[in-house]
Amino acid sequence: MEINLREIHSPADIKGLDLEQLHLLSGELRAALMRKLSAHGGHVGPNLGVVESTVALHYVFDAPTDKIVYDVSHQSYVHKMLTGRIDAFLDPDKYDDVTGYTCPRESEYDLFEVGHTSTSIALATGLAKARDLQGGKENVVAFIGDASLGGGMALEALNYAPELRSNIIVILNDNQMSIAENHGELYNHLAELRRTNGTSHNNIFKALGYEYIYVEEGNDLRALIKAYKAAKDQPRAVLVHINTMKGHGLPCAEADKETFHYCAPFDMKTGAPTHPSQAESYDDMFALRMLERMRADRRVVTLTAGTPGAVGFGPALRHAAGSQFIDTGIAEQDCVTMAAGLAKGGVRPVMGVVATFIQRAYDQLSHDVALNNLPAVFVEFYGSLFGMNDMTHLGFFDIAMISNIPGIRMLAPATAEEFLAMLDHAIDTPDGPVVIRVPGGAVTRQDTPVNTDFSRYDIVEQGADVAIIAEGPFLATARKAAELMRAKGVTPTVINPRILSQVDAGCLDSLKSYRHVITVEDGILDGGFGQKVAAYLGTSPVKVTCLGLKKEFLDRFSVPELLRANSLTPEQIAELAN
């Protein structure tokens with residue numbers, strides 16, 4: 001008996017299969033996933049772990065009438081395979097036809113653009129309430145992982161959902177892992193439920209008013225189908241707790257769950273990356289410097305909110321840092337406000353964070369840190385058009401968002417040497433909060449001493465008449481543009497601003513006699529540092545041109561094309577001098 005995946009166009013095509021055929025289908029889906037992921041890269045562990053659960057979900061429920069919301073949605077690949085997008089997992093030429101997350105632009109089965117954690121239950125409560133107000137009868141299902149459950153929004157919604165007194169189903173995919181290991185007492189409670197096969201009297205879900213169903217073998221189709229059928233159409237809140245294995249079916253992913261949460265193309269037999277990178281990185285640089293600082297001073301700590309690998313702290317470095325490394329789990333708000341408490345308590349907290357996730361803690365940055373003028377340090381990775389480019393993970397809104405919070409100094413190094421000097425400066429100078437924006441792209445070096453007065457712009461090339469003020473990775477672009485200008489008889493001044501939250505009045509005053517000032521930034525123009533420069537120079541006769549990105553959501557863009565579309569190439573910048 002064989003299952004032809006190309007004949008699966010919708011969940012209706014699996015409704016008539018028997019259990020043996022569903023097992024065969026799951027095996028074919030897993031094999032196809034492995035082939036694509038090993039060749040293309042992507043979220044390996046999360047998707048391999050939920051193959052059977054997703055098959056059972058679509059076998060029992062009736063999407064899109066029944067509403068299914070995936071938390072983070074990086075475990076939605078099999079869902080996409082069963083809902084009309086199978087070719088994107090079978091045909092290498094179509095691998096990029098789908099995103100890595102749920103996407104309503106692709107299918108009516110995808111309800112939301114989702115790439116951040118802990119949102120599914122809240123979204124489901126809204127869908128359920130909308131259904132109830134309109135007299136609907138469909139099931140509403142939130143599919144959430146154990147790591148996401150520890151986020152504040154998930155806990156808030158978990159508390160509220162039973163109050164609806166109507167159908168809402170939470171499927172808790174408990175694979176005992178976040179991106180790295182889980183953190184928080186909640187996970188000891190889940191372990192107790194697993195140890196007792198779901199029978200422990202100490203049950204937070206029952207205490208909150210949920211009907212609780214436990215599935216010990218969360219990769220077993222028969223058990224999953226039985227549990228989902230028991231939850232379906234219930235007029236109350238039901239939580240189905242399934243015990244699964246992250247990376248199930250791929251030995252290298254089962255053995256190294258952290259590495260295979262998300263990875264580049266790899267060899268399926270060995271797990272080794274197909275194209276290993278030998279390039280130095282800012283995340284490794286950050287981790288090694290922080291380890292050095294922590295060893296020298298017990299009062300220095302490093303924090304992260306569930307993304308240790310993204311900031312350079314693999315298992316070995318976490319172990320070496322010991323109690324001075326703090327991972328709050330995927331809970332950015334808690335992490336930022338904990339940093340505020342640490343700073344108030346006399347400790348020097350340095351939080352490593354991915355730019356797309358720090359926006360989840362805007363209020364905490366503003367109210368808890370900046371309003372109290374606390375000396376916490378935030379080192380922000382991938383805040384760049386050279387960073388992640390999924391629509392749900394864009395990082396280039398950060399300058400406009402953070403640099404306008406009163407009291408926060410936002411620094412933008414252009415080189416590795418500046419980055420490390422800024423990090424040391426922020427730790428050693430406790431006079432308020434500092435955000436350091438790690439440069440996007442490849443590591444850039446400088447062979448001149450770093451000017452450590454980071455409240456001042458740094459003139460790296462002195463010229464006249466035309467000035468280019470370019471931050472972060474665009475400093476190198478500006479220097480190439482200056483070279484092109486000089487070939488045409490124009491000798492521009494090139495300036496590295498370094499601080500984005502304020503202007504250097506002295507430097508800008510010296511440019512008021514210039515003909516043209518050009519600002520170049522690695523972020524959106526609206527609210528960016530270029531507009532601050534333009535506003536300051538607004539009463540002078542100098543012309544100011546601000547270059548950066550339009551305020552828009554982009555998805556899987558081509559960096560070269562985006563640069564050209566926004567006049568950010570050296571050639572286009574040089575043309576502005578004419």
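## A tour of the predicted model

Start by selecting G150, which sits in the loop between α7 (146-149) and α8 (152-160). The model on screen is predicted. G150 has a relative accessible area of 26%, so this glycine is partly exposed. Now show its neighbours. Leaving aside residues up to four places away in sequence, G150 touches L155, L186, Y187 and A331. Add a distance label from G150 to Y187: the two C-alpha atoms are separated by 8.5 Å, while the residues stand 37 apart along the chain.

Next, zoom out to the whole protein. Coloured by secondary structure, the protein shows 24 helices and 16 strands. Along the principal axes, its C-alpha atoms fill a box of roughly 80 × 55 × 50 Å. How does the radius of gyration of the protein agree with that of a compact globule? For 578 residues, such a globule would have a value near 25 Å, and the protein has 26 Å, so the two agree.

Stay with the full view and switch on the surface. The accessible surface comes to about 22900 Å², and carbon and sulfur atoms make up 52% of that area. Of the 578 residues, 58% count as buried. If you display contacts, consider those with a separation of 6 or more: 76% of them join residues 24 or more positions apart. Colouring by charge brings up 51 positive and 72 negative charges, and the mean positions of the two sets are 2 Å apart.

Now go to P64, in the loop between α3 (51-60) and β1 (67-70). Select A63 along with P64 and look at the peptide bond from A63 to P64, which is cis, with omega near 10°.

Two further stops concern backbone angles. Select S118, in the loop between α5 (87-90) and α6 (120-133). Phi of S118 is near 70°, a positive value in a residue that is not glycine. Is S118 buried or exposed? Its relative accessibility is 1%, so S118 counts as buried.

The last stop is N373, in the loop between α17 (362-370) and β9 (377-381). N373 also is a residue other than glycine with a positive phi, here near 50°. Show the surface once more around this residue. Because its relative accessibility is 44%, N373 counts as partly exposed. Flip between the two stops to set buried S118 beside partly exposed N373.

Conventions
Residues are numbered from 1 along each chain as its sequence is written. This is a predicted model: local features need pLDDT of at least 70, side-chain atom pairs count only at pLDDT 80 or more; totals for chains, interfaces and linings use all residues. Side-chain values use heavy atoms; hydrogens and water are left out. Helices (H or I, at least four residues) and strands (E, at least two) are DSSP runs, numbered from the N terminus. The radius of gyration is taken over C-alpha atoms; the globule rule is 2.2 Å times the number of residues to the power 0.38. Buried means under 20% relative accessible area, exposed over 50%, partly exposed in between (1.4 Å probe, protein chains only). Contact means heavy atoms within 4.5 Å. Accessible areas come from the Shrake-Rupley method with a 1.4 Å probe; for residues, only the protein chains shown count as cover. Lys and Arg count as positive and Asp and Glu as negative; His and the chain ends are not counted. The place of a charge is taken as NZ of Lys, CZ of Arg, CG of Asp or CD of Glu.
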